[in-house]
Amino acid sequence: MHEMGIADSILSAVKTEAERHPGARVRTVGLRIGEYAGVDSESLRFCFDVLKKDAGFEGAALEIETRPEAVDLDLCYLELEDGER
């Protein structure tokens, strides 16, 4: 299941970006997945949910947008929340 490796790579990129914002919590990770990218969205979501706990992003939600007739997978946005609330 290559979705596990993809989820791990996504969380690695999220961690790198989150470190640039000390104290902030990751709320949402947004992805665009091309229809022909060869990625099963539900498997990716499952893998993300399993791995996010160990990565320290337990409360993070994954939003996936499917792009018709595209072959790419892009990390589109990261929504952060101030950690002092």
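Helix α2 is followed by Gly56, whose phi is positive, near 85 degrees. The model described here is predicted. The helix itself comprises the 15 residues 41-55. At 1.5 Å a residue, a helix of this number of residues should span 21 Å, and the end C-alpha atoms of α2 are 20 Å apart, so the expected and modelled spans agree. At the N-terminal end, α2 is capped by Asp40, with a side-chain oxygen placed 3.1 Å from the backbone nitrogen of Glu42.

The buried residues of α2 include Leu44, Cys47, Phe48 and Leu51, together with Lys52. The cover over the buried residues of this helix includes α1, β1 and β2, the last of these formed by residues 61-67. Lys52, within helix α2, has a relative accessibility of 10% and therefore counts as buried, the cut-off for this class being under 20%. When neighbours within four places in sequence are left aside, the contacts of Lys52 are with Leu11, Phe57, Glu58 and Ala60.

Gly56, the residue that follows α2, also belongs to the lining of the largest pocket. This pocket holds about 150 Å³ of space. It is lined by 14 residues, of which Ala24, Arg25, Val26, Gly56 and Phe57 are the closest to its centre. Two elements, α1 (residues 2-18) and β1 (residues 25-34), each give two or more residues to the lining. By residue class, the lining of the largest pocket consists of 6 nonpolar, 4 polar and 4 charged residues. Phe57, listed among the residues closest to the pocket centre, is also one of the contacts of Lys52.

A further position examined was Leu78, located in strand β3, which runs over residues 73-81. The relative accessibility of Leu78 is 24%, and this residue therefore counts as partly exposed; that class lies between the limits of 20% and 50%. With neighbours within four places in sequence left aside, Leu78 is in contact with Val14, Glu17 and Ala18, as well as with Val26, Thr28 and Val29. Val26 is likewise among the residues closest to the centre of the largest pocket. Along the chain, Leu78 and Pro68 are 10 residues apart, and their C-alpha atoms are separated by 22 Å.

How values were computed
Residues are numbered from 1 along each chain as its sequence is written. This is a predicted model: local features need pLDDT of at least 70, side-chain atom pairs count only at pLDDT 80 or more; totals for chains, interfaces and linings use all residues. Side-chain values use heavy atoms; hydrogens and water are left out. On a 1 Å grid over the protein atoms alone, a cavity is a set of points where a 1.4 Å probe fits but cannot get out, and a pocket is an open set with protein on both sides within 12 Å along at least five of seven lines; lining residues have an atom within 4 Å of a point. Grid points are joined across faces, edges and corners, and a volume is the space filled by probe spheres set on the points. Helices (H or I, at least four residues) and strands (E, at least two) are DSSP runs, numbered from the N terminus. Ala, Val, Leu, Ile, Met, Phe, Trp, Tyr, Cys and Pro count as nonpolar, Asp, Glu, Lys and Arg as charged, and the others, Gly among them, as polar. The expected span of a helix is 1.5 Å times one less than its number of residues. Buried means under 20% relative accessible area, exposed over 50%, partly exposed in between (1.4 Å probe, protein chains only). Contact means heavy atoms within 4.5 Å. A polar contact is a pair of N or O atoms within 3.5 Å; within protein, one must be able to donate a hydrogen and the other to accept it, and residues adjacent in sequence count only if both atoms are side-chain atoms.
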